[in-house]
Amino acid sequence: MTIATSHKDAPVAVRDLTVAYREAPVLWDIDLTFPEGQMVAIVGPNGAGKSTLIKAILNLVPSTSGTISIFGKPYPQQRQLVGYVPQRGSVDWDFPTNALDVVQMGLYGQLGWIRRPGKRERAIAMECLEKVGMADFAHRQISQLSGGQQQRVFLARALAQDAQVYFMDEPFAGVDATTERAIIDVLRELRSRGRTLVVVHHDLETVREYFDWLVLLNIRVIATGPVETTFTLDNLQATYGGRMALLGDTLTADRSAAVAATGD
């Protein structure tokens, strides 16, 4: 299958992006175009800049150089088309609010910050909680939810935005198998509706099963393209370098594919 990846009007196009902290490059000269209606995995070792890439696209961290567009326009002009699920560890789960309120926050882009959510917004939020199996916990304080339940609530918040492009920073990290299956089912349903999903992912074992498109990143883009042609042992070795030895006996691969388990 051939997928068009033209810069013009692509869901996400990154050109010449460099991000540096204290003059040390975290991302260097990144060129990427993500195809529409695909599930995209961003994979690489610790310190590769995976989360930074998503945050730079979303203007959450400053970039040293480069341009970023969403469907051909700068991100600030397309903000309403974008949904974001941050790393669970970056969220203040002690904030005094319940699951339903968190999901309704995903609608503020439509409401504005002055207008309060009404019956319509409440119904949308409940529908999104139902999709992720959390409707029964709508009035539970988020601090009282398990890690997997918290992740589902944040996924429901992103669903409420009804975005065209979703960015998710390790949505499967630290969740149980049931939650992981629930998340991937929702992502596949979004893909079936033509949405583009960009996911920072750490589990090489599930790359081939879950994703259509792959970005192998280690400060620079090592390789990018369809999973079936990009997820190769050579590309993994170029991405992880000597760290591939840490995968030990879990690594099995041939010249066209590799299946492994690692953390990020």
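Buried, in what follows, means under 20% relative accessible area. Keep that cut-off in mind as we walk through this predicted model, starting with how far to trust it. The protein chain has a mean pLDDT of 85, and 83% of its residues come in at 70 or more. Two stretches deserve some caution. Over residues 1–5 the pLDDT stays under 50, and the model gives this stretch seven contacts beyond four places in sequence. Residues 246–264 also stay under 50, with 49 contacts beyond four places in sequence. Where pLDDT is low, the predicted coordinates should not be read in detail.

Now for the sheet. Six strands make up an open sheet with mixed pairing, and if you trace across it you read E6-E7-E8-E3-E9-E10. The edges are strand E6 (82–85) and strand E10 (220–226), each of which pairs on one side only. On average, neighbouring strands here are turned by 15 degrees against each other, with direction ignored. As a reminder, strands of a sheet pair through backbone hydrogen bonds, either parallel or antiparallel.

Let's begin at the E6 edge. E6 runs parallel to strand E7 (residues 165–169), and four bridges join the two. You can pick out the register from the partners: Val82 has Val165 in E7 as its bridge partner, while Tyr84 has Phe167. In a regular strand the side chains alternate between the two faces of the sheet. So how is E6 covered on its faces? Both faces turn out to be covered, with Val82 and Tyr84 buried on one side and Gly83 and Val85 buried on the other.

Moving across to the other end of the order, look at strand E9 (residues 213–218). Five of its six residues are buried, so to speak of E9 as mostly covered is fair. E9 pairs with strand E3 (residues 39–43) in the parallel sense over four bridges, and in that pairing Ala41 stands opposite Leu214 in E9. With E10, E9 runs antiparallel, and six bridges join the two strands. One of the partner pairs there is Leu217 and Val221 in E10. The hairpin of E9 and E10 leaves one residue between the strands, and Ile219 takes a positive phi near 70 degrees in it.

Next, the helices, where H7 (residues 177–192) is a good place to stop. Its 16 residues reach 23 Å from first C-alpha to last, close to the 22 Å expected at 1.5 Å a residue. At the N-terminal end, Asp176 acts as a cap, with a side-chain oxygen 3.1 Å from the backbone nitrogen of Thr178. Just after H7, Gly194 adopts a positive phi of about 85 degrees.

Which residues of H7 are buried? They are Thr179, Glu180, Ala182, Ile183, Ile184, Val186, Leu187 and Leu190. What covers these buried residues includes E3, E7 and strand E8 (196–200) from among the strands, together with H5, helix H6 (147–160) and helix H8 (207–210).

H5 (residues 119–131) brings us to a last residue, Glu130, which is found in that helix. Is Glu130 buried or exposed? Its relative accessible area is 54%, and exposed means over 50%, so Glu130 counts as exposed. Glu130 also lies 8.5 Å from Ala156, C-alpha to C-alpha, although the two are 26 residues apart in sequence.

Note on methods
Residues are numbered from 1 along each chain as its sequence is written. This is a predicted model: local features need pLDDT of at least 70, side-chain atom pairs count only at pLDDT 80 or more; totals for chains, interfaces and linings use all residues. Side-chain values use heavy atoms; hydrogens and water are left out. Two strands pair if DSSP finds at least two bridges between them. Axes are lines fitted to C-alpha atoms, for helices over the stretch in contact, and angles run from 0 to 180 degrees between N-to-C directions. Buried means under 20% relative accessible area, exposed over 50%, partly exposed in between (1.4 Å probe, protein chains only). pLDDT is the predictor's confidence in each residue, from 0 to 100. Contact means heavy atoms within 4.5 Å. The expected span of a helix is 1.5 Å times one less than its number of residues. A polar contact is a pair of N or O atoms within 3.5 Å; within protein, one must be able to donate a hydrogen and the other to accept it, and residues adjacent in sequence count only if both atoms are side-chain atoms.
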